[in-house]
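Trainee: I am new to this structure. Please walk me through it, one question at a time.

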Amino acid sequence: MSMEISQAAAAWFRRELGLANGDYIRLFPRYSSGGGLHPGFSLGIATEAPGRPANRVEQEGIVFYMEEQDLWYMDGYSLSIVYSEVEDDIEYKYKALTATETLRE
């Protein structure tokens, strides 16, 4: 599973959550009436330090990560978090990985 966070999305997190350099954003699956990749689940966020990070990306001084036990949510997909200027919000974009990309992970 690969993860990308745009500079503008990281700036949004910084502004909205009052984050500073070195702060953490944990991405995790949570129960939801909506849905992302899996019915009944969506991607949640928390501002907490990692315990057992399996995937991490730093952007604009903020560390974004997923814990080992949460990787099932992204199995076979990559994630891009981008900023929508029109909505003044972030968007999660999921892309199905090809068989070759999946083997490399």
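**Strands, helix and rings**

Mentor: Start with a facing pair: valine 57 stands opposite phenylalanine 64 in strand 5. This is a predicted model, where local features need pLDDT of at least 70 and side-chain atom pairs count only at pLDDT 80 or more, while totals for chains, interfaces and linings use all residues. Residues are numbered from 1 along each chain as its sequence is written, and side-chain values use heavy atoms, with hydrogens and water left out.

Trainee: Over how many bridges do strand 4 and strand 5 pair?

Mentor: Strands are DSSP runs of E, at least two residues long, and helices are runs of H or I, at least four, all numbered from the N terminus. Two strands pair if DSSP finds at least two bridges between them. Strand 4 covers residues 53-59 and strand 5 residues 62-67. Their pairing is antiparallel, and the number of bridges is six.

Trainee: Which residue in that hairpin takes a positive phi?

Mentor: Two residues lie between strand 4 and strand 5. The phi is near 55 degrees, and the residue is glutamate 60.

Trainee: Is asparagine 55 buried or exposed?

Mentor: Asparagine 55 sits in strand 4. Contact means heavy atoms within 4.5 Å. Leaving out residues up to four places away in sequence, asparagine 55 touches seven side by side in the list Met1, Ser2, Met3, Phe64, Tyr65, Met66 and Leu71. Buried means under 20% relative accessible area, exposed over 50%, partly exposed in between (1.4 Å probe, protein chains only), and at 13% asparagine 55 is buried.

Trainee: Which strands stand at the edges of the open sheet?

Mentor: The sheet has three strands in the order 1-6-7, with mixed pairing. Two of them have a single partner strand each, so one side of each is left without a neighbour in the sheet. Those are strand 1 (3-5) and strand 7 (89-96).

Trainee: What is the bridge partner of valine 82 in strand 7?

Mentor: Strand 6 spans residues 77-84 and pairs with strand 7 in the antiparallel sense over eight bridges. Valine 82 has its partner in strand 7: glutamate 91.

Trainee: At about what angle does helix 1 run to strand 6?

Mentor: Helix 1 (residues 7-17) lies across strand 1, strand 6 and strand 7. Axes are lines fitted to C-alpha atoms, for helices over the stretch in contact, and angles run from 0 to 180 degrees between N-to-C directions. Helix 1 runs to strand 6 at about 65 degrees.

Trainee: How are the rings of tryptophan 12 and phenylalanine 13 arranged?

Mentor: The structure holds seven aromatic pairs. Rings of Phe, Tyr and Trp (its six-membered ring) pair if their centres lie within 6.5 Å; planes under 30 degrees apart count as stacked, over 60 as edge-to-face and the rest as tilted. Here the centres are 5.2 Å apart and the planes at 85 degrees, so the pair is edge-to-face.

Trainee: At what relative accessibility does tryptophan 72 count as partly exposed?

Mentor: Tryptophan 72 is in the loop between strand 5 and strand 6. Ring pairs link tryptophan 72 into a cluster with Tyr31, Phe41, Tyr73 and Tyr94. Tryptophan 72 counts as partly exposed at a relative accessibility of 40%.
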